[in-house]
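Visitor: I should like to learn how features of a model such as this one are read. May we take them one at a time?

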Amino acid sequence: MRRWLVWVLLALVAGEAGVFLWKNGDVVSLSRPADALAADPRFAETAHRVLAQPDVTRRVLERIADVAARRSDSALQLQAITRIAAVAPGDRHVQLRLAEALRRHGRLDDAAVLYRALLTPPGVPGAGGSQ
Amino acid sequence: MTSRVIAVVIVSFLVCVPAWSSAQGPPADDAEHLALLGLARTARDRGTATEAYTHFREADRRRALVGGSLAEYFWAAYRVAPAAARGIGARVISANPLEHAVRDGLIGLAVSAGDETAVRTLAAAGDTVDPGSAVWPRRLAESYLRAGDGLRASERYEVTARRTGGGPADLAQRALALERSSRPASAAEAWNTLDEALVSSRPEWLASRTRVRKAVAPRPVPAVARRAPAPVTTPERASRTADEVEHASQRALAAEPCAAAPLADLEALASPGPFLAAVAARRASCPDQISWTVRAAERAIGLGRFGDALRLVETPATAPGAPVEVREQYGVLLLWTGAPARAAEVLRGVVAEDSHRRRAADALIDALRAVGEPDAAWILAAGRWGDPQASVDRRLAVASLALETGRVTDALVRARALESHPVVGADARAIVAGALIASGRPDQARAVLGHLSNAPGAALAWLDATALIDGVGAALRAADGLSERRGAGWEELEARLALWHAQMGHRGESDQRLSLLATSHPSRAALARAEIALATGRPADAAALLQPLVAQAPGHVRAQDCLLYTSPSPRD
C-alpha cells in the first residue's frame, strides 16, 4: 500500500514537472549560460516568444537584454530594457540603460529626451525620464 | 544607557534610509554624469560634433573622464577644438601609452599646428611603446622630410619599410628623401630597385625618379621634348638674382613671344611659379609650345601641383591633332585629380590610337574601375596578364578584376599564382579568400587568411567569411578589433560595416559610417545607402538612390545590378 502511494506521488511530481516544462520551456531555456545563448541561432525566436508573455520576471528580462547585447541585436535589447523600465519606473540606472539602448538602436531623438530628463534632478517637475 | 542605544539606532536609521532608497540607481551626480556622456554620444552619432564636444567637456568638468570615455572626448574635440584636443589627447596617452590611434591623432594635430618638435616627441615615444609598428618611424620620417632633412628622413623610411605595416611605398618615400638630401646617385639606385607600377602610382615619385635619372645618367630626350631647346645658363645669367632673371625673361618674352631662351632661364630658377606662369601665358601657336608645356607640367607634377599641371596640358591636349603623348599625360592627370570619368574618355582615345602605351592602358583600367565599369576594365586588364613587362601589381589588379566581374575561377587561379609573392602575397591571398567566399566556401577562405589583418582587402574577406559562418553580429564584433580603418582602400569595408549595422538595427552607427564615407567616396556611399535600402526591404528608396548613379555613369555595373532588384519580379 505504502509502495503504491510512493509511485503515485512520483508520477504526480513527474507530471507536474512535465507540465511546468511544457508551459515554461522558453524561460527555462533562457537559464542556460549567456555564452551558450549568444551562440544559439534560435535565441532571438525564443526571446521574442518570452517577451510576448505579459508576466516575465526581471531576471529573465535582464538575461534577454544581456544576451541581445552580446549578439549586437539592438532591437531585442531595446525591447527587453523597455520591459525592465516598465517594471522599475523609478530606477535611474535602468533609465540610463534605456537611453543607451535607444541611442544604439538609432532612436537618437528619444535617447536625447531621456538623457535630458536624467539631467534634471529627481523631484523637479518633468524629471523621471518617461518616454 | 538604553536611551543612548535607542538614539544611535534612530540616527543610524535616519542616515541609512535615504542611502538605501537611492540604491534604486546610481547617485544623482553619477546619473547626471552618465546622462551627459550619453547626450554627448547621441550628438556625436547625429553628426553634431560641436554639441558632442560641449557635452563631453561638461561631463569631464563634473568628473574627470578616464579610459574609453576620455578617448571619445579626444575624438570629439579633434574635429572642433584642435587646441583643446591636444591637451585631452596628452591625458589619454599619459594614462594609456598604448592608445596608438589617439597618439597618431595627436601627431596629426601637431602637424597642423606646425609643431614638429611635438610630432617627433610623440612619434619617438610611440616607437618605444610599440616597437614593431611602421607608423612611428614613418611619422618621424615625414617630419624630417617636411623640415628638409632628407638624409634623416631616408634613414627612418628605411626602418619603416622593414616594420609591420611598412612596405614598398616607404622605400619609394626613402628614394624621394634621398633626392631631397642632394644624393641623386643614391636616390637613382633606390628608385631602380622599385617596381614600375609602384613608382607610376604617385606623380611625385615618378617626377623624382625622372629628375634623378636625368641628373645621374641623362637618357635620350623623348620625341616631344627633343624639339625644345636645352636650358641656357651662362655665367652672367647665373650671377643674376632671381628677380633680375624673371624681369629680364618677361621683357624678352614680351618682345619675342615664342623665344625659348627666356623660358630656359625661368626653368632654372628655384621658384617654379614664374616658369609655369610664362609657359601657361605663351602662345599655343609657338612651334615648340607643346614640348615646353610637357616640361612645365612635369615640373608641376614633381611639386605635387597636379591642378596646375592639368591646366597647363588641358589646352594642348584638347586641341585638334594633339600629340598622343600630351593626351596621355592629360588623361593620367585627370585620373590623379579625381576625374576618372573624363580620364577614361581621354585615355580610351589614347589606347585606341596606340595600344602599346602601357601607362595609358593601366591608367584607363584604374579609371574604368573607379567609375564602376569593371567589365570594360577587365577586357583591357586580361591582356596585361601575359605581358612580360607587366608588373606584379598590374597582375594582381587582373586577379582582383576577375573577382570583381564575377569570374570566380579565373580570380582563384590568377591570385593563387601570386600567393607566395613577397610584396603582393597578402593581397593575393585576400583575393583567393574572396573567390572562395563567392564560391560558397567561407571556412576555407578564413583558413587561407589565417587571421584578421589590418589590410583592407584581407580584412573585408575575413569579415565576410565570419559573417557567413558565425553571423553578422560576430563579424561586427570582430571588426572592432581593427585598429586602423582610415585612408584609401577601406571604403568597401566601411560600406559593408554600414550595411551590417543597418541590418542589425544600429541605425546610428550605420548613418555615421555612411556620412564619413560620403566625405571621401560620395558615389560609394550612395551605393551603400541603396544596398541598405534593398537589404531592409525599401526597394523604392533604393531605386531613388540608384537612378542618379546610373544616370551619371551608365556603365556602373554594381548600381545597375542593384537597380534590377528594385523592380518587382514578373512572378510577383
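Visitor: In this predicted model, does B:Leu482 count as buried, partly exposed or exposed, and why?

Guide: The class follows from a count of neighbours: a residue is buried at 20 or more C-beta atoms within 10 Å, and exposed at 12 or fewer. B:Leu482 has 17 C-beta neighbours inside 10 Å, and therefore counts as partly exposed. B:Leu482 sits in the loop that runs between helix H30 (472–479) and helix H31 (491–504) of chain B.

Visitor: Which residues does B:Leu482 touch, leaving aside those up to four places away in sequence?

Guide: Its contacts of that kind are B:Asn454 and B:Ala459. B:Asn454 is 28 residues from B:Leu482 along the chain, yet their C-alpha atoms are separated by 6.1 Å.

Visitor: How does B:Ala254 count, as buried or exposed, and why?

Guide: B:Ala254 counts as exposed because it has 10 C-beta neighbours inside 10 Å. B:Ala254 belongs to helix H16 (residues 242–255) of chain B. From B:Ala254 to B:Arg282 the separation is 28 residues in sequence and 9.9 Å in space, C-alpha to C-alpha.

Visitor: What is the wider setting of these residues in chain B?

Guide: Chain B comprises 35 helices and zero strands. Of its 572 residues, 44% count as buried. Among contacts in chain B between residues at least 6 apart in sequence, those joining residues at least 24 apart make up 49%.

Visitor: Where is H25(B) placed with respect to the rest of the structure, and why is that said?

Guide: Burial can be read along a whole helix. Eleven of the 13 residues of H25(B) are buried, so this helix is largely enclosed by the rest of the structure. The buried residues include B:Arg394, B:Arg395 and B:Glu404, as well as B:Leu396 and B:Val398. They pack against helix H12 (196–199), helix H23 (358–370), helix H24 (374–385), helix H26 (408–418) and helix H27 (425–438) of chain B. H25(B) covers residues 392–404 and reaches 18 Å from its first C-alpha to its last, close to the expected 18 Å. Just after H25(B), B:Gly406 has a positive phi of about 80°.

Visitor: What does the span of H34(B) show, and where does a kink lie?

Guide: An end-to-end distance is compared with the value expected at 1.5 Å a residue. For the 14 residues of H34(B), residues 539–552, that value is 20 Å, and the end C-alpha atoms are 20 Å apart, which agrees. A kink of about 25° lies at B:Leu546, shortly before the proline B:Pro548.

Visitor: Which residues of H34(B) are buried?

Guide: First, the general idea: an α-helix has 3.6 residues a turn, so residues three or four places apart point the same way. In H34(B), the buried residues are B:Ala542, B:Leu545, B:Leu546 and B:Leu549.

Visitor: How is the crossing of H28(B) and H29(B) described?

Guide: A crossing is read from the approach of the axes, their angle and the handedness. The axes of helix H28 (residues 442–449) and helix H29 (residues 456–470) of chain B come within 9 Å and cross at roughly 145°. This crossing is left-handed. Among the residues that meet are B:Ala445 and B:Leu449 in H28(B), and B:Trp462 and B:Ile469 in H29(B). By class, this contact has nine nonpolar, no polar and two charged residues.

Visitor: How many residues of chain A are in contact with chain B?

Guide: In chain A, 25 residues are in contact with 23 residues of chain B. Helix H5 (74–87), helix H6 (92–104) and helix H7 (108–119) of chain A each supply at least two residues of the side that touches chain B. That side of chain A divides into eleven nonpolar, six polar and eight charged residues.

Technical notes
Residues are numbered from 1 along each chain as its sequence is written. Chains are lettered from A and ligands numbered from 1 in the order in which they are written. This is a predicted model: local features need pLDDT of at least 70, side-chain atom pairs count only at pLDDT 80 or more; totals for chains, interfaces and linings use all residues. Two residues are in contact if their C-beta atoms, placed from the backbone, lie within 7 Å. Helices (H or I, at least four residues) and strands (E, at least two) are DSSP runs, numbered from the N terminus. Ala, Val, Leu, Ile, Met, Phe, Trp, Tyr, Cys and Pro count as nonpolar, Asp, Glu, Lys and Arg as charged, and the others, Gly among them, as polar. The expected span of a helix is 1.5 Å times one less than its number of residues. Axes are lines fitted to C-alpha atoms, for helices over the stretch in contact, and angles run from 0 to 180 degrees between N-to-C directions. A crossing is left-handed if the near helix is turned anticlockwise from the far one by less than a right angle, and right-handed if clockwise. The bend at a residue is the angle between axes fitted to the seven residues ending there and the seven starting there.
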